[in-house]
Amino acid sequence: MNPVFPFPFQAYSIQEQFMKELYFTIEHGKLGIFESPTGTGKSLSICCGALQWYNDNIHRIIEDINKEIAQIKEELISLDDSGDWLQAEYNKIKKNQTLTTLQYKLDKIKKQDEFFKEMKNRVAIFKNNVNQKINESYYQYADKLDKEPGHNKENIPEDEENEDDDDLIVNCSDKKDDSDDDEFENDTKDENNSNIKIYISSRTHSQLSQFIGEINRTVFKEDTRVVTLASRQHYCINSEVTRLKNVNLINERCLDMQKSKTKPTSIGDEGKVLKRTKTKSCSACPYYNQNNILKLKERLLSDIMDMEDLVKCGKDMKACPYYASRMALDDAQVVLISHAGIVNSGARSGFSLKLKDNVLILDEAHGLSAALENAHSAPVSYKQLSSVKTYLHFYINKYRDRLTSRNLLLLNQMCFVVAKLLGIVKPKTPTEKTQDETKIYMLEDFVIKAEIEHLNLRPLVEFCRNTRLAPKLHGFSMRYSQQVLEEENKKSSINNKKSSFEKFISNISKKQDNKVDDKVDENVNTNRQVPTEASAGSGLYALLDFLDMLCDRSENGRVLTQRGDDSTAQLKYLLLNTAEHFADVVSQCRSVILAGGTMEPISEFQAILTNNARKAKQVNVVKCGHVVPSDNVLGICLSKGPSNVSLNFSYEKRMSNEMLNEVGRMLRNICSIVPGGVVCFLPSYNYEHTVYEHLKNNKFVDSISKKKAIFREPKSATEVDQVLQKFATAVRKREAERNGALMLSVVGGKLSEGLNFSDDLGRCVIVIGMPYPNIKSPELQEKMNYLNRKIGGSAGNVYYENLCMKAVNQCIGRAVRHANDYACVLLVDERYSRPQTTSALPSFVQKSLMTSCTFGQTIGNIARFFSRHKEKKQQ
């Protein structure tokens with residue numbers, strides 16, 4: 001078998017190698033680790049290789065079915081001559097049954113092809129004949145809804161909307177279920193739908209949009225059905241829902257708007273609702289219209305659209321993009337989804353992903369470990385706990401008489417748990433040390449420390465989720481301000497005087513334990529931390545995630561407790577071995593491919609893939625070279641500065657004036673000889689600020705500005721595009737002595753991954769210092785100790801080194817983005833010259849790497865490098 005790949009242009013040899021290896025890895029059902037440097041057309045190679053396999057596989061299935069049908073028909077003819085007529089008759093019946101099954105499969109494939117051809121024709125007619133009446137009907141429907149009395153929430157009088165706060169009371173009949181959601185999907189599912197799918201995952205939605213662009217460049221664009229999955233937070237176009245911000249609250253509100261409202265009409269002795277009557281929903285979503293959503297689904301399957309296109313189309317057609325994408329999932333051939341949607345089991349079930357026997361390709365897989373860690377960690381801050389406790393206490397006091405005894409008991413238990421957790425992370429008093437205090441506990445030790453080991457937390461968490469307590473608590477905090485609730489509490493305490501017996505019992509308890517009474521009194525009347533009202537619901541969601549993971553009692557789980565001020569105090573659940581949760585994904589899929597620009601160390605990704613007991617020999621490791629020739633990249637490890645000072649930017653040394661002056665002199669000299677753009681990466685935002693202020697105060701900025709305009713990476717993501725645009729303009733604009741621009745960036749920041757500094761935008765990439773994470777971090781130390789115990793040797797130190805070098809390699813990958821590009825990579829720190837460090841650098845840099853260079857040697861080599869390429873251009 002020698003597949004031919006219809007690449008949009010003449011493919012490089014490494015692209016041919018990548019596609020061929022990808023094709024056969026999927027064909028043989030293996031696991032794969034593919035390393036292809038950034039700028040080598042990796043995304044396009046993935047699309048062409050995977051889609052060619054998909055098409056060939058469909059054709060092979062049809063051919064195999066036809067061959068089986070022909071063979072069975074021949075065997076049926078030969079059975080007539082058999083001597084044993086009874087056995088022959090039995091065999092004939094069995095073969096006819098097999099023949100019927102095969103014919104059904106073949107007919108189904110043909111019917112599907114016909115159906116999708118008809119669908120494309122319908123969509124083409126709809127697009128070409130923009131029928132004014134149809135479009136008007138969409139808008140008229142929404143306008144009609146808007147004009148209906150009580151449709152807009154803002155127009156509903158409070159007493160009519162929520163008479164007596166019925167919508168806020170937790171009831172047994174309020175059990176959370178996504179019946180409306182499920183019903184929507186069930187209506188659209190084909191029971192026998194077993195289409196093979198290719199799931200392509202990447203770190204961000206913008207990177208997924210690049211795959212849409214690449215598929216549109218290929219011959220597969222006409223016949224490939226592509227769907228991008230995302231949460232309601234990204235796809236919702238109803239402003240009333242999106243204003244909630246928190247993804248959990250958005251999900252709850254969306255489901256609420258689909259359901260019929262109910263009102264209790266029969267209540268039992270204990271306050272339990274026995275009967276509820278459905279009433280007309282007064283806040284139905286105008287975009288949740290199945291006819292319109294069906295039209296949008298067909299449009300999505302016919303035209304390859306990214307998220308922005310789908311949202312825009314949804315607004316035009318008055319149809320929900322979220323449900324259109326969910327409806328289109330079963331018929332899709334290629335499904336694009338973020339890493340978070342794949343590695344989290346809850347997200348997978350939420351999207352109804354079927355990984356069984358399908359293909360999964362994870363691009364930008366260097367971030368897979370971090371994605372797994374984020375998916376299986378659960379932080380909850382002191383502010384969130386404080387907010388939950390405050391409003392839960394008010395909630396219980398306000399509705400005490402309307403809650404069933406069981407619900408009241410469970411709510412009080414939740415209050416007890418929150419109070420105990422708050423006690424562990426309570427902010428320090430002024431007399432205590434101001435430094436944050438961080439500890440890590442085994443799960444058993446933590447529940448004993450928190451004094452909640454006697455509680456069964458699982459039913460408590462299920463109660464909160466089933467009764468939808470979080471959105472109700474959020475609605476409660478929105479409806480009533482804290483000040484109003486405190487005043488109500490004071491009035492009720494004055495009006496509801498205790499009976500003499502209650503006073504007697506209360507006095508006894510006071511005498512027995514003054515401390516407990518003081519605590520309770522403090523909780524009721526005072527509130528040290530004033531929480532924001534909007535944080536109560538989202539805070540409870542965070543708490544439930546934390547308790548959920550605590551219930552698992554995994555031997556690899558840990559709880560981090562951090563005491564500090566109000567803004568830093570937190571609890572955080574950690575999972576040290578995240579690969580065990582990825583094993584389920586690997587075991588289901590036909591093939592799993594991890595692809596990235598730098599996949600070192602390979603052993604880390606092999607461990608992730610083989611955790612489910614698959615043998616390591618099944619992992620196909622493919623390393624591709626770069627498309628650029630080795631003389632187009634100049635790699636230098638700079639060990640001595642302009643003043644012949646040894647350059648070591650360790651945390652203890654980098655803040656010295658000597659080191660900062662060396663940075664200033666180096667940048668001044670580099671900017672004078674490098675044409676175009678220079679991108680300088682520094683270890684942190686704080687250090688970038690320190691360096692810039694030092695350069696400014698010591699006149700280095702003035703001298704550098706004569707040669708290059710200076711830009712700084714913004715902390716706000718919204719400003720990144722604007723800064724990049726100005727940087728690009730400055731690079732292309734040549735004025736007298738000024739030749740390009742300098743960008744001061746941060747390792748691991750917004751410019752270190754996913755951005756393209758090709759050609760003149762990035763003629764030189766400088767990485768100053770080695771961006772090691774804080775070795776004193778308790779979280780990091782626990783992970784390193786765990787690896788040392790589990791794997792042995794110095795596995796923890798290897799992990800620590802890898803964290804640093806992954807970040808460095810991402811920075812290096814910003815430059816040299818195509819075959820004719822050229823750039824200099826300058827690594828400024830004497831530690832880069834260590835053999836174990838140079839071996840972790842990208843292979844295309846290692847080929848031309850010069851180690852232990854003095855500043856004089858460096859300047860000479862850089863000058864000759866750019867002089868040579870200038871001559872090439874002029875030829």
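In this predicted model, helices H11 and H13 turn out to be oblique to each other, because their angle falls in neither the parallel, antiparallel nor perpendicular ranges. The axes of H11 (residues 290-302) and H13 (residues 321-328) cross at roughly 60° and come within 8 Å. The crossing of H11 and H13 is right-handed. On the H11 side, the contact is made by Ile293, Leu294, Leu296, Lys297, Leu300 and Leu301, and H13 brings in Pro321, Tyr323, Ala324, Ser325, Met327 and Ala328. Sorted by type, the residues of this contact come out as 10 nonpolar, 1 polar and 1 charged.

Next up is a sheet. Four strands, in the order S8-S11-S10-S9, make an open sheet with antiparallel pairing. Strands S8 (378-381) and S9 (437-442) sit at the edges with a single partner strand each, so one side of each has no neighbour in the sheet. From one strand to the next, the twist averages 15°. S9 pairs with S10 (residues 557-563) over 6 bridges, in the antiparallel sense, and Glu437 stands opposite Arg563 in S10. Helix H17 (residues 382-399) packs on this sheet, where it touches S8 and S11 (570-575), and the direction of H17 makes about 65° with that of S8.

A parallel pairing shows up elsewhere: S16 (residues 709-712) and S19 (residues 741-746) run parallel and are joined by 4 bridges. Which way do the side chains of S16 point? They alternate, with Ala709 and Phe711 buried on one face, while Ile710 and Arg712 point to the other and are not buried. Phe711 has Met743 in S19 as its bridge partner.

Definitions and conventions: Residues are numbered from 1 along each chain as its sequence is written. This is a predicted model: local features need pLDDT of at least 70, side-chain atom pairs count only at pLDDT 80 or more; totals for chains, interfaces and linings use all residues. Side-chain values use heavy atoms; hydrogens and water are left out. Two strands pair if DSSP finds at least two bridges between them. Helices (H or I, at least four residues) and strands (E, at least two) are DSSP runs, numbered from the N terminus. Axes are lines fitted to C-alpha atoms, for helices over the stretch in contact, and angles run from 0 to 180 degrees between N-to-C directions. Contact means heavy atoms within 4.5 Å. Buried means under 20% relative accessible area, exposed over 50%, partly exposed in between (1.4 Å probe, protein chains only). Angles under 35 degrees count as roughly parallel, over 145 as roughly antiparallel, 65 to 115 as roughly perpendicular and the rest as oblique. A crossing is left-handed if the near helix is turned anticlockwise from the far one by less than a right angle, and right-handed if clockwise. Ala, Val, Leu, Ile, Met, Phe, Trp, Tyr, Cys and Pro count as nonpolar, Asp, Glu, Lys and Arg as charged, and the others, Gly among them, as polar.
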